[in-house]
Amino acid sequence: FLSGRKNIIDPFNGQEDLKNKTLRVLQGPIFQSDPIRILRAFRFAATLGFEIEAETLKKIVLHKNLLMEPAQERIWHELSTFFKTTGTMPLLETMHHCGVLECLIPISESIQVQTFSHYQKLENLLKEPEKTFPDYLEAFNSDDFVNNQYLFKLSLLLNRRHENQPTDTPISQVSNLRASNAEVKVIDQTLKGARCLAESYSKNGPDLSPPEMYELIQIIQEGLLASVALFAAENPSDDVIQFCNHLLKFYYHQFFPGVNEKPFLNGDN
């Protein structure tokens with residue numbers, strides 16, 4: 001150091017792992033001393049584009065049940081940061097195969113394949129909304145929508161109820177994840193809106209009358225865009241896409257301008 005020479009002390013060959021973009025846990029009770037490191041491995045893999053090496057994955061499988069010990073706020077931080085990155089589907093599948101996802105967001109065995117297929121479609125839609133909703137790219141690229149995309153992904157995974165849970169039960173009552181009140185509100189609005197869209201489509205088909213669209217939008221309110229994205233990802237047929245585009249057209253060209261117009265009559269005339 002004093003001579004100005006560079007001499008890196010690297011007893012665990014970390015430089016080679018950095019070069020190969022590999023995440024590796026050190027020897028010792030690393031996960032036992034702080035189980036949140038299990039989630040941090042997936043968060044680093046997602047945000048840095050690294051791969052978790054095989055022996056580390058084996059240790060994650062061995063100690064995954066310890067994830068119930070850390071404070072829920074710490075779990076939420078790691079998990080939400082993970083979902084804020086793009087292209088998380090491969091790591092989500094790895095998380096599932098390791099049993100980590102089951103500890104946090106249990107998904108019924110009978111719908112796992114379907115769930116992951118819908119998740120991939122949602123990620124694709126959020127990444128390239130112009131392919132599904134070419135006329136509303138500005139809305140899908142707005143800061144409010146982009147900043148909440150991680151909540152839409154979580155909404156899809158959290159949209160699983162126990163058999164004895166009513167479908168309208170708030171997500172805050174069926175999940176132990178410690179999100180903020182604002183985040184819980186977004187998730188609940190997204191799920192409620194997607195269910196309303198599904199019910200309306202099932203009942204009326206792809207073509208709604210203006211009064212039916214007006215009533216539907218009144219129910220969903222500000223969660224419309226997120227609900228449309230979730231509904232389209234879970235039901236990616238041409239008729240559903242037509243239904244969603246038709247609804248967005250009515251919202252942006254008729255409903256929204258009408259709501260923001262000044263009243264024709266007021267107390268002064």
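**View 1. Helices α12 and α14 are oblique to each other.** The structure is a predicted model in which local features require pLDDT of at least 70 and side-chain atom pairs count only at pLDDT 80 or more, whereas totals for chains, interfaces and linings use all residues. Residues are numbered from 1 along each chain as its sequence is written, and side-chain values use heavy atoms, with hydrogens and water left out. The axes of α12 and helix α14 (residues 224–234) come within 8 Å and cross at roughly 60°. Angles under 35 degrees count as roughly parallel, over 145 as roughly antiparallel, 65 to 115 as roughly perpendicular and the rest as oblique; they run from 0 to 180 degrees between N-to-C directions of axes fitted to C-alpha atoms, for helices over the stretch in contact. Helices are DSSP runs (H or I) of at least four residues, numbered from the N terminus. The crossing of α12 with α14 is right-handed, a term for the near helix being turned clockwise from the far one by less than a right angle. On the α12 side, Q189, T190, L191, G193, A194, L197, A198 and Y201 meet A226, S227, V228, L230 and F231 of α14, where contact means heavy atoms within 4.5 Å. This contact comprises 9 nonpolar, 4 polar and no charged residues; Ala, Val, Leu, Ile, Met, Phe, Trp, Tyr, Cys and Pro count as nonpolar, Asp, Glu, Lys and Arg as charged, and the others, Gly among them, as polar.

**View 2. Y201 and F243 form an edge-to-face aromatic pair.** The whole structure contains 12 aromatic pairs. In the pair of Y201 and F243, the centres are 5.4 Å apart and the planes meet at 70°. Y201 belongs to helix α12 (residues 181–204) and F243 to helix α15 (residues 238–260), so that the pair links distant parts of the chain, 42 residues apart. Rings of Phe, Tyr and Trp (its six-membered ring) pair if their centres lie within 6.5 Å; planes under 30 degrees apart count as stacked, over 60 as edge-to-face and the rest as tilted.

**View 3. Helices α8 and α11 cross at roughly 165°.** The axes of α8 (residues 112–127) and α11 (residues 149–158) come within 10 Å. The two helices are therefore roughly antiparallel. Their crossing is right-handed. T115, H118, Y119, L122, E123 and L126 of α8 make the contact with Q149, F152, K153, L156 and L157 of α11. By class, 6 nonpolar, 3 polar and 2 charged residues take part.

**View 4. Helices α3 and α6 are roughly antiparallel to each other.** The axes of α3 (residues 36–48) and α6 (residues 89–97) come within 10 Å, crossing at roughly 165°. The crossing of α3 and α6 is right-handed. F42, A45 and A46 of α3 meet L91, T94 and M95 of α6. The contact of α3 with α6 has 5 nonpolar, 1 polar and no charged residues.

**View 5. H96 lies in helix α6.** Beyond its neighbours within four places in sequence, H96 contacts L101, Q112 and F116. The C-alpha atoms of H96 and I107 are 9.6 Å apart, with these positions 11 residues apart along the chain counted as their separation.

**View 6. Residues 161–165 have a pLDDT below 50.** The protein chain averages a pLDDT of 88, and 89% of the residues score at least 70; pLDDT is the predictor's confidence in each residue, from 0 to 100. Beyond near neighbours in sequence, the stretch 161–165 has 8 contacts in the model.
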